[in-house]
Amino acid sequence: MTFPELPSHQTPSAGELALEDRASLRRIAGLSTELADISEVEYRQLRLERVVLVGVWTEGSAAAAEASLTELAALAETAGSEVLEGVVQRRDKPDASTYIGSGKAAELREIVLSTGADTVICDGELSPAQLTALEKIVKVKVIDRTALILDIFAQHATSREGKAQVSLAQMEYMLPRLRGWGESMSRQAGGRAGGAGGGVGTRGPGETKIETDRRRIRERMSKLRREIKDMKKIRDTQRSGRRRTELPSVAIVGYTNAGKSSLLNALTGAGVLVENALFATLEPTTRRGEFDDGRPFVLTDTVGFVRHLPTQLVEAFRSTLEEVADADLLVHVVDGSDANPLAQISAVREVIDEVIAEQNAKPAPELLVVNKIDAADGLSLAHLRSALPDAVFVSARTGQGLDRLSARMSELVESTDVTVDVTIPYERGELVARVHGEGHVDATEHTTDGTRVKARVPVALAAALRNFATF
C-alpha cells in the first residue's frame, strides 16, 4: 500500500549534538503521577510499582523526544505503575553496554535512590547484555518498552486466543533474556545419575537449570503455536462465512486510544468497551451496519498500534491482523487531540504495510478519520486540515461529522448489489430471510403465489433467486 508523504520533523543540526546536551540528563517536567491525599494504608493496598523513566534522544526534535517519554509514562500508568520522574539523555546512539552510558547510569542510580523508585523503564528495546549491565548499576529492576507493552497486553487479554497470543509473545521475548544466579547455574543430573545403580546413560553433567528453563519454554511455545493455528482455522471459517454473504468488510485501524471503539459504537450501536486507556481493545469486534443507501456491511474494530510495536506482538497477533488484509475499506482513525498525530499515522501505516505484504493482499482503500475534534484546539485542527485534505473530521463522542463519514464510506465501497423483483413461494421462507438479512428490501407484498419482494441483494443471492423473477 502506498501513501502520500507526511511532513517530517526537521532533522537536528550539529549544534543539537553539542557537548553540553550530551553531558546532561534532561528532566522532563510534568510526568510525575504521585498520588495525593492518600493514606499509607491505602497506598500499600494499591501496591503500585514506583518507576523512573529513561530515554535516549538520538534524532528528531526535543519536543518529539519528550512526547515519546510522555507516551511511555501513559503506558506505565496503564500497566498500573506510579511514574515518579522521567529523564532523557542526548546521544548519537544508545550505549551498547548500558543504554545510557556508565556515567549516566550512575546518575540514574542517584535518581532512583532520591525518589525511592523500585523500577526503571527504558524507552527502547534493550539487549540482554544491556539489561543485565544496567540492573547491576542501578540495583533495581529494569525493563524496556517492549516488556512494558507485553505486560499491558497480558493484563488486558480476555479471550482464549488473546491470552495464547500474548503468552507466545512474552516467551519469545523472554527466551534470550533468561539469566541464572548462584546455584541455579549448577548442573542438574537427571534420574539416578548420582547413584551406583543408575546405569549407562544416566550419569554425566546433565543440563543447567537455565537450559532446562529454555527447553521448557520452547516446548510451551510449540504448543501455543499449535493452539493459535487451530484457533486461526475457526477465525478463517468465520471470515469465509462473511465473504459468502458478499457483505462489504470495513476494518477500523489506528493508534491505540485514538477512539476506534467509540467510533464503532457510534456507527453501529455496538456497545463495546470504551475506556480512556492504551490498548483497551485486544480482540477484534465485528458488528453489522448500513451505509446511507441502505446497503449492509460488517465493521471490525481491531487492536490499536503504537510506535515501535514489539515484533513479537505483530507476529503473535498475525491472525487478528488478517482482518486488515481482507477488508474492502480501512477506516484509519487518528487522535486529533494528540500532540503529534502525523507520527501516529506513520506508525500505523508501517504495521499495515507489513501485514498486507505478508498476506500478499490487495491494498484496500484508506479513509483517514480525524477523531476527538471536540478535544483538539483550533490551530492544531487547521494544521491537520491542511496536511490531510482528504480526511474526515469527526467526534465519536458528540456525533459531529458522522454523517459525512458515513457518506464517504458508502462512496469508497463500490456497490455490487443487484436489483431483483421476485415472488418467493411460501415454502421457501429461508430465501425471504436471506433477502432481509443480506440485502436491502424496498418493498414486500403477500400474494397468492408467495411473497413478492423488491430488493437489492448480493450477486450470489440474486443467482439463487433467478427462478423466482416476477414478470
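## A look around a predicted protein model

A147 is buried, at a relative accessible area of 18%; buried means under 20% relative accessible area, exposed means over 50%, and partly exposed is in between (1.4 Å probe, protein chains only). You'll find A147 in helix α6. Helices (H or I, at least four residues) and strands (E, at least two) are DSSP runs, numbered from the N terminus. Measuring from C-alpha to C-alpha, A147 and L126 are 9.6 Å apart in space and 21 residues apart in sequence.

Before going on, a word about what you're looking at. This is a predicted model, where local features need pLDDT of at least 70 and side-chain atom pairs count only at pLDDT 80 or more, while totals for chains, interfaces and linings use all residues. Residues are numbered from 1 along each chain as its sequence is written, and side-chain values use heavy atoms, with hydrogens and water left out.

### The whole protein

The protein has 16 helices and 16 strands. Of its 471 residues, 48% are buried. Contact means heavy atoms within 4.5 Å. Take the contacts with a separation of 6 or more: 70% of them are between residues 24 or more positions apart.

### Two helices side by side

Two packed helices are described by the angle between their axes and the distance between the axes. Here, helix α3 (residues 62-78) packs with helix α6 (residues 145-156) at an angle of about 35°, and their axes are 9 Å apart. The axes are lines fitted to C-alpha atoms, for helices over the stretch in contact, and angles run from 0 to 180 degrees between N-to-C directions.

Which residues make the contact? On the α3 side they are S68, E71, L72, L75, A76 and T78, and on the α6 side R145, L148, I149, I152, Q155 and H156. Sorted by class, that gives six nonpolar, four polar and two charged residues. For this sorting, Ala, Val, Leu, Ile, Met, Phe, Trp, Tyr, Cys and Pro count as nonpolar, Asp, Glu, Lys and Arg as charged, and the others, Gly among them, as polar.

S68 of helix α3 counts as buried because its relative accessibility is 17%. Leave aside its neighbours within four places in sequence, and S68 is in contact with D123 and R145.

### From α3 into strand β3

G80 sits in the loop between α3 and β3. Is G80 buried or partly exposed? With a relative accessible area of 28%, G80 is partly exposed. G80 and E49 are 31 residues apart in sequence, and their C-alpha atoms are 7.3 Å apart in space.

S81 belongs to strand β3 (residues 81-90), and at 10% relative accessibility it counts as buried. Apart from neighbours within four places in sequence, S81 is in contact with E49, V51 and A76. R90 is found in strand β3 too, and at 0% relative accessibility R90 counts as buried. The C-alpha atoms of R90 and W57 are separated by 4.8 Å, although the two residues are 33 apart along the chain.

### The nonpolar core

In soluble globular proteins, nonpolar side chains tend to be buried together. A nonpolar core is a set of buried Ala, Val, Leu, Ile, Met, Phe, Trp, Tyr and Cys residues joined through side-chain atoms within 4.5 Å. The largest one here has 43 residues, of which L53, L148, F305, L330 and I352 touch the most other members. If you don't count residues up to four places away in sequence, F305 touches V253, G254, Y255, T256, L321, V348, V351 and I352.

### Two loop residues with positive phi

Most residues other than glycine have a negative phi, and most peptide bonds are trans. This table shows two residues with a positive value.

| Residue | Phi | Place | Relative accessible area |
|---|---|---|---|
| K139 | near 60° | loop between α5 (128-138) and β5 (141-144) | 58%, exposed |
| N257 | about 65° | loop between β8 (249-254) and α9 | 22%, partly exposed |

### A note from UniProt

What does UniProt place at S261 and T281? The unreviewed entry gives the feature "binding site" at S261 and T281. UniProt positions are given in the numbering used here, feature names are shortened, and annotations may be inferred rather than shown by experiment. In the model, S261 lies in helix α9 (residues 260-268), and S261 counts as buried because its relative accessibility is 9%.
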